[in-house]
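Reader: I should like to understand how the descriptive terms applied to this model are justified. Please take me through the reasoning behind each one.

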Amino acid sequence: MVERYLDEGITGTLAAKRPEFVRMLEDAKEGRFDLIVTREVCRFARNTVDTLSITRELKNYGIEVYFVSDNIWTMDGDGELRLSIMATLAQEESRKISERVLAGQAISRENGVLYGTGNIIGYDRINGNYVINQEQAETIRLIFELYASGMGMTRVANELTARGRLDGAGNKVWNAVKVSRTIRNATYKGYICYNKSRVNNYLEKKRIKNLDEDSFILKKGNFEPIVSEELWDYCNQLRKRKIKEYDLLDGETRRLGYNNPKAVWAQKLKCRCGAHCKRYKWRVKQSTGEVVYGYQCYSRTRSPAKSYLQAHGVSAFPEVCDALSICEWKLELMATIIFRQVLSGGEKAIVLACNMLSKFSDINNEKRDKQLLSLKNKQLQLEKRRVRYLDMYADGDLTNLLIHNRF
């Protein structure tokens, strides 16, 4: 007997998350033993791919694995076949356990069960329920009132710091992240929020933050709210209007806040490349000192000019925007002429313009719905294909290498 390798209370669906299991493989590479004895396949691993790939790796080191309950020796002639069957059954059991856990969580949501430790500013958790902490609740109400009055999150944080308000940890320094977390928390209007995060699958068990707030599940709680539902909803409508989503290269989505521009044209103008237009100082009239403003594509200001790239022979560069800037007075002149022509036609012309805008909006919505339906159908096809590949692998029609390359 060389060593015992025990991972207590750790899932067996992913070998990389088991430190003792990884240490056993490192010792195997060093040739510290020639046999591994384990009670049954599900104790070794609950992932079919991990089980077969690791036992093959150990076989290359001259190390055999013996499963006592299943009476499987990996170096026997039919050892790998029997092992693949038992490993598939162990993985299926993990899937069933995961489904039962999800079903239990759904029942807990229906019953309004409180998750977490209850460490939330504004409340004390007593006998499994939230009780308002009046001193902290004043800070929460102040946050919502300041934000509803028109202050941004950074200004609210600065105001709280200046007033010496304490956060949940007892610190007097606030920032926009703390304010945002407070405003987004539905607990303060008397609701329990579920589905803020999810697990990607029962094998990896990677916790993924849910950014789709429309998919959150709100359940009326059995505790007193700190702010009214009307105030909470109003503040969150303001917050959502100040959020833009950006798709990253790795497929994830990042949300960033931004201030709505005060200039009308900065709100309405959009470049042909899809970016918004930024207002800047065009020039100053020498006679009157009046500032003349212009608008330029924001993407153009963040990228090198196309003429510069051509002059220096740079071709392997993302598509850049070459839209020219436009002066504000030209925009106002064009708008004035257009509205004069529309209004001169009387009520019929206005109705016609409204119908044209409505028709354009309906076309865009219909196009978006078709794209969404196409993506859902493609997702279903890929899921069916994945299940077929797993069945083929369980039957021995696919090798371990092909499974890795596919998934």
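Author: The exchange below takes several descriptive terms in turn and sets each against its criterion. The model is a predicted one.

Reader: What is the overall make-up of the protein?

Author: The protein has 14 helices and 14 strands. Of its 407 residues, 29% are buried. Among contacts with a separation of 6 or more, 52% are between residues 24 or more positions apart.

Reader: How do you know that the length of helix α5 agrees with its number of residues?

Author: Helix α5 covers residues 134-148, which is 15 residues, and at 1.5 Å a residue these should span 21 Å. The end C-alpha atoms of α5 are 21 Å apart, so the two values agree. After α5 comes G150, with a positive phi near 115°.

Reader: How does helix α3 fare when its reach is set against the expected value?

Author: Helix α3, residues 48-60, has 13 residues, for which 18 Å is expected at 1.5 Å a residue. From first C-alpha to last, α3 reaches 19 Å, which is close to that value. G62 follows α3 and also has a positive phi, near 80°. The buried residues of α3 are T48, V49, D50, T51, L52, I54, T55 and L58.

Reader: Which residues of α5 are buried, and what do they pack against?

Author: The buried residues of α5 are A137, T139, I140, L142, I143, F144, L146 and Y147. They pack against β5 (129-132), α6 (153-162), α7 (176-184) and α8 (229-241).

Reader: Why is α5 called roughly perpendicular to α7?

Author: The axes of α5 and α7 come within 10 Å and cross at roughly 95°. Angles of 65 to 115 degrees count as roughly perpendicular, so α5 is roughly perpendicular to α7. By class, this contact has six nonpolar residues, one polar residue and no charged residues. On the α5 side are I140, I143, F144 and Y147, which meet V179, T182 and I183 in α7.

Reader: Why is W232 called buried?

Author: The relative accessible area of W232 is 10%, and buried means under 20%, so W232 is buried. W232 lies in helix α8. Leaving aside neighbours within four places in sequence, W232 is in contact with F144, I183, R184, N185, A186, K189 and V227. F144 is 88 residues from W232 along the chain, yet their C-alpha atoms are separated by 7.3 Å.

Reader: What makes β1 and β3 edge strands?

Author: Three strands form an open sheet in the order β1-β2-β3, with mixed pairing. β1 (35-38) and β3 (72-73) each have a single partner strand, so one side of each is left without a neighbour in the sheet. β1 pairs with strand β2 (residues 64-67) in the parallel sense over four bridges. One bridge partner in β2 is E64, which is paired with L35.

Reader: How do you know that β13 and β14 are paired, and in which sense do they run?

Author: Two strands pair if there are at least two bridges between them. Two bridges join strand β13 (residues 291-297) to β14, so the criterion is met, and the strands run antiparallel. G294 stands opposite C327 in β14.

Reader: Where do these strands stand in their sheet?

Author: The open sheet has three strands in the order β12-β13-β14, and its pairing is antiparallel. β12 (277-284) and β14 (326-327) stand at the edges; each has a single partner strand, so one side of each is left without a neighbour in the sheet.

Note on methods:
Residues are numbered from 1 along each chain as its sequence is written. This is a predicted model: local features need pLDDT of at least 70, side-chain atom pairs count only at pLDDT 80 or more; totals for chains, interfaces and linings use all residues. Side-chain values use heavy atoms; hydrogens and water are left out. The expected span of a helix is 1.5 Å times one less than its number of residues. Buried means under 20% relative accessible area, exposed over 50%, partly exposed in between (1.4 Å probe, protein chains only). Contact means heavy atoms within 4.5 Å. Axes are lines fitted to C-alpha atoms, for helices over the stretch in contact, and angles run from 0 to 180 degrees between N-to-C directions. Angles under 35 degrees count as roughly parallel, over 145 as roughly antiparallel, 65 to 115 as roughly perpendicular and the rest as oblique. Ala, Val, Leu, Ile, Met, Phe, Trp, Tyr, Cys and Pro count as nonpolar, Asp, Glu, Lys and Arg as charged, and the others, Gly among them, as polar.
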